[in-house]
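Trainee: Could you take me through one part of this model up close? I'd like to see how the pieces fit together, step by step.

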Amino acid sequence: MAAASPESDLACAAGADAAQAALARNEMVEVEFDTRRLQLLRTTEDETTSLAVFKGGRKGTAAITGLAPESVRAAIDAALAAAAAAPPDPANQIAEAAPAPPRVHGPVAADRDHLVDRAHEHIAAMARDFPAVVSRNAYHRFTRTRRSFASSAGLAQQETRGRYSFWTMFAGRRDGRSTSLNYSGASAYKPFPQLIEVGSLHRLYGEASRSFDMRPAPGKFVGDVIITPDALEGMLLWPLARVLGGYSLMSGTSPYKEKRGQAIASPLFSLLNRPTAASFPEGQDFDGYGVPTHDLDVIRDGVLEDFLVDFYIAKKLGLKQTAGATGFVIPPGAKSEADIVAETTRGILLTRFSGGSPADNLDFSGIAKNAFYVEDGKLRYPLAETMISGNLRELLLAIRAISKETIDFGSTRLPTIAAGGVTIHGR
Amino acid sequence: MLDRLERIVATAPGYAELRLHRNISRRLFMRRGTLIENASATLAGGSARCHALGTFGFTSLPAEDDAALERVLRDARANADQLGRRAAYSDQPLPATPRGEGVWDYRTKRPKLGAAARVDLLKRLDAYIGAHCPNLLNVDLTLQELAIEKALATSEGARTQCVSPRTVLYVQMSMQGGDGPVQLYQVFGGFGEFEDQAEALAALAPAIDRLYADLRRKAEGVHPDAGFHDVVLDSDLAGILAHEAIGHTCEADLVLAGSIAGGRIGEQVASEKITLMDQGGRGFDGGSTIAIHVDDEGTPCRDIAIIEKGVLRGFLNNKATAQELEAEPTGNARAFTFADEPIVRMRSTCIMPGTDKLQDMIGAVERGYYLKRSSNGQADLTSEFMFGVVCGCEIVNGKLGRAIRDTTISGVAFDVLKAVTHVGDTMTWSGGGFCGKKTLIPVGMGGPAIKTKLNIGGR
């Protein structure tokens, strides 16, 4: 699409004051396999056109597959009908920003033989190195995504990202006994030399192999939780990003709404939004409003520096637009994870948190999955039927160590974090 | 449409499925009276899956014409051939099943309503809440509609078409508690298009009053005492218990991955009061929030008793897992979008109602919790499940006590079901359940209230 795309021109001709069109085209090749067999070779193409029309401060959107003229016409009609029914909102505007030249990241086409061969080798490698680990759903994939944006204000953007990814779900299985499920993966621009080394998988496969003799944590106590990168993303990062986002400011429910410039975490902790990081194939050069993304320090040395505010919220609340929300980095600390464990008197090492989604007050509770009981600086035994609970605001302030090792998942880069004050109880 | 699919799939040299698939959705999201999202989408395409040389090939395209269907069929077969040559497995054919045939169209028969009716509904509800529910920090109203249209023909002669719509409204309120914001939400609506649900959604005032009263109690509520407790799970929670605790554990792909349920068919795994089903159609009472009669491999959907009077009876299979387990396909192969291959998924999963009364269950608890509404959940091969609880209260000496804050409950499914002492006589289907296994997919979840023991998170 060029600036002022045919779709946005059509929308304006049909009666809109302004319009924007976003096109996302995905081409994917995927090999699905399990511990024993190659299962499926899947190739998909999809193309979604999203149209937004604006009229008198009213906004309506409609999405369709493809760009067939009759479908575009129907989508414009649907979007205009939706806008006509909507109440006016002065924040409903199209963005004005500097267009950037189209950018291409990563490979332009899949190496299909590579996808199949690495999957086949992974089956052999697992049988050799981790015979007690069973995976059922493993996906080795290449995806090429082209995102285009154009508006009636003349703003046009385009980016193309080709990347490889591997994701698998697995568990230990031996003599009729199973460990807890675990799952992990990562994406990268370059093909993976070995799938067994992707992200944190080698470590997790090893832990699954050592987790057959699970038992509950001893009683109920308040202790440390050492959160590994795999657990950190779901347990801490996404709930925190949500309450630091503009929509939580709009709802008035963010516990941090008055905390900008104040310490909300341990000085050891920073949270950086890096949507265009060179190692993040899941990043974005521009957001859904066509505005270029840029780096933002959200929390620096424990101090809340800024909120994640998009174009709409900026207009709605009279704030400065700050960043696109994709791509987060928690910088490493100075200690090794082994040293952090060695310094722990009593607590758990957590690889997966299986819990209810924390509400905006950031209370959390859930099961410590794929976890180990830690006492007097040593991993003692794998845990079963053990729950943890606490509050993420308090946990952020109670961080006592961050590991120097990090895992790059392709959309986030995260260390291991240790914090105290968490209620731990085994059945 | 079916004639076209049937004609093209007949050209495939071996096993093949050919599907046309449309997901038609609409989403309105209002926060504090501001309509932030006002969107519709029609995402459609064709796909094919073939089986050759012991492996599958799948291809999808964002188009529905004959040329696209011919191409997906050709490319899917080429994919299967490429993988099959690399794998060099024996070419064992998939198990044949009865041909799934029939057309089910659940689109509304009522006059269609436009965008204005939907926006007006949200505005009226927001105004009602503003007038009757003071001291709220925030109100979110989300209207979500999804109609899934599928047409399928297979090389085995299946020929079927179905349109399954669902309309749900999420109402969430927040107020300030002593230690930060406290939220509570409830899901309304269910099977059918907006026109089928509009009347009920417009009459939500009493339910909103109850939701607000629950939120006020929750804002003054306490954290549960972390530990193992007697609990009464309201019927609103029974569905997610059936889905997370047992349903996933008995999906045959997870059985093959090492689920604890594997090899236990015929064992007593639950109280004799427990019968747990995964059902086709719209569930045993016609009340489920999804409709599925033939799965996406063309297999007619059979009702499966996973647990019958406490005894583990069956697993949920597609053709590939049935082949590995030497079982019968059950009609559980489902795909969410045109670009997804069918995998083993639940349909309408429920604990069958018993004969006990909710008040008797609560009265039988000396010290424990009555848990009323859930949020997200997760399963495990070990059958140790969890799900979030957003609304509940203490039970002290058989009487309801203080409200509790958000928590998570967990347990080992078979232990929890063995500890069941009461099964209620009133059935509830959850309004808007989605399952997230590789892809999202709408599922039906239901059941009655039960009394059991499990772990509860807290302080």
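Mentor: Sure, and keep in mind that this is a predicted model. Let's set the scene with chain A, then zoom in on a pair of helices in chain B. Among contacts in chain A with a separation of 6 or more, 73% link residues that sit 24 or more positions apart. The chain holds nine helices and 21 strands. Its radius of gyration is 24 Å, close to the 22 Å that the globule rule gives for 427 residues, so chain A is as compact as a globular protein of that length. Along the principal axes, its C-alpha atoms fill a box of roughly 70 × 55 × 35 Å. As for burial, 62% of the 427 residues of chain A count as buried.

Now for the close-up. In chain B, look at helix α1 (residues 2-9) and helix α2 (residues 66-87): their axes come within 10 Å and cross at roughly 40°. That angle is why α1(B) counts as oblique to α2(B). As for handedness, α1(B) makes a right-handed crossing with α2(B). Who does the touching? On the α1(B) side you'll find R4(B), L5(B), R7(B), I8(B) and V9(B), and they meet D66(B), L69(B), E70(B) and L73(B) of α2(B). Sort the residues of this contact by character and you get five nonpolar, four charged and no polar ones. You can check that on the names: L5(B), I8(B) and V9(B) from α1(B) are in the contact, and so are L69(B) and L73(B) from α2(B).

Definitions and conventions
Residues numbered from 1 in each chain as written. Chains lettered and ligands numbered in written order. Predicted model: local features only at pLDDT ≥ 70, side-chain atom pairs only at ≥ 80, totals over all residues. Heavy atoms only, no water. Axes fitted to C-alpha atoms, helices over the stretch in contact; angles between N-to-C directions. Helix = DSSP H or I, 4+ residues; strand = E, 2+ residues; numbered from the N terminus. Parallel < 35°, antiparallel > 145°, perpendicular 65-115°, else oblique. Left-handed = near helix turned anticlockwise from the far one by under 90°. Contact = heavy atoms within 4.5 Å. Nonpolar A, V, L, I, M, F, W, Y, C, P; charged D, E, K, R; others polar. Rg over C-alpha atoms; globule rule 2.2 N^0.38 Å. Buried < 20%, exposed > 50% of the residue type's maximum accessible area, 1.4 Å probe, protein only.
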